[in-house]
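Hi there,

Here is the structure I promised to pass on. Have a look at it first, and my notes follow just below.

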Amino acid sequence: MKKNIFLFNWQEKFLLYEELKKRKKAFAEKYGIDNIFEFKSNEINVWEIFNAIFSGGLFVSKKLIIIFGIPKDTDTDNKITESKYTEFETKFMNNFESIPDDVIICFVSFTPDKRIKLYKFLSENITLKNYEKLKESELRNFIKQKLGDSIWTEEIQYFIELVGDDLFFISNEINKLSFFAREKNTKISKKIIDEVVYPKAVINSFTILDNMFFDKKRTLDLLQNIQDNWWDNFQFLWMLYWGLKAVIQIIDFVERGIKESKTIAEKLKLHPFVVAKNMKIIDKLITKKDNIKNMFEKLIMLDYNIKTWKVPQEIFWLEIKNIIISI
């Protein structure tokens, strides 16, 4: 059992990244940032990894090596090619006993395939760091720790109902609430939450819009995730409809020569975040203008057909997917 090698098998990605951040900070302060090597799944180079593991340091022998995508991850955002994976697996297992104790290795695989040889080998020979998603009571405690006495228990529950359980999103919204409460020197009320926080459904619709006309596979994967998490059909439809309408209006302003985000936001009564987000890709959106309008019209018709019983609500998500595929 090697105590200097770890596998981070965390479904809660936010906590994983927070743990890695703490480890990197502590290591850098003690041994220097130049002795930290990080390999993302989309840029794996097997030779470079093993060179980092076995090459000698100039002044210190301690090294921290972080490797994403190994063992084989079923998470689509953390995959490496089959050839590179096979090459790494063979070389790692053959050289395992020779890995110096001064070299700390952290493998990062969110949902590893537990059937594969390397996972079974690691589970028997290294330290596993396995954490599930936070339970609701743990989530409430997390929010309370971040916001302290500026928020009551009832408002915490309201906040969770609004934003969901994604800690990346929650952390971002907590920062906004914390800043607001500090600047205004006030407790966080439901009214303040409504004014400051973006509901998860809004962010989901923006994420869909970001990918809809440029990456259909990614869009369909996102939709499936939203469907699996039981988002309200009509709430999601309304948010998507609202988002498309905002995009169409922004395109109209830009084509009329009005390109200042602040001006557009004021005239359309939109949050600056919405306008700024779309202005970053406005050229691409303009090329897809006809598709966007077509999508907008089809969503209106879907809403009408469901409410008039022409289309059963049970096939809502299938209809949404069919619309996306067809545009």
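The structure, which is a predicted model, holds 1 cavity of 30 Å³ or more. About 50 Å³ of space lies in this largest cavity. If you would like to find it on your screen, select the residues that line it: Leu209, Asp210, Phe213, Leu244, Val247, Asn278, Ile281, Leu285 and Ile292. Two elements, helix 9 (200-212) and helix 11 (233-255), each give two or more residues to that lining. By character, the lining divides into 7 nonpolar residues, 1 polar and 1 charged.

The other thing to show you is a pair of packed helices. In general, such a pair is described by the angle between the two axes and the distance between them. Here the pair is helix 2 (residues 46-54) and helix 3 (residues 82-95), which pack at an angle of about 25° with their axes 10 Å apart. Angles under 35 degrees count as roughly parallel, so helix 2 is roughly parallel to helix 3. The crossing of helix 2 past helix 3 is right-handed.

Which residues meet there? From helix 2 come Val46, Ile49, Phe50 and Phe54, and from helix 3 come Lys84, Glu87, Phe88, Lys91, Phe92 and Asn95. The residues of this contact divide into 6 nonpolar, 1 polar and 3 charged.

Happy to go through any of this with you over coffee.

Best wishes

Terms used:
Residues are numbered from 1 along each chain as its sequence is written. This is a predicted model: local features need pLDDT of at least 70, side-chain atom pairs count only at pLDDT 80 or more; totals for chains, interfaces and linings use all residues. Side-chain values use heavy atoms; hydrogens and water are left out. Axes are lines fitted to C-alpha atoms, for helices over the stretch in contact, and angles run from 0 to 180 degrees between N-to-C directions. Helices (H or I, at least four residues) and strands (E, at least two) are DSSP runs, numbered from the N terminus. Angles under 35 degrees count as roughly parallel, over 145 as roughly antiparallel, 65 to 115 as roughly perpendicular and the rest as oblique. A crossing is left-handed if the near helix is turned anticlockwise from the far one by less than a right angle, and right-handed if clockwise. Contact means heavy atoms within 4.5 Å. Ala, Val, Leu, Ile, Met, Phe, Trp, Tyr, Cys and Pro count as nonpolar, Asp, Glu, Lys and Arg as charged, and the others, Gly among them, as polar. On a 1 Å grid over the protein atoms alone, a cavity is a set of points where a 1.4 Å probe fits but cannot get out, and a pocket is an open set with protein on both sides within 12 Å along at least five of seven lines; lining residues have an atom within 4 Å of a point. Grid points are joined across faces, edges and corners, and a volume is the space filled by probe spheres set on the points.
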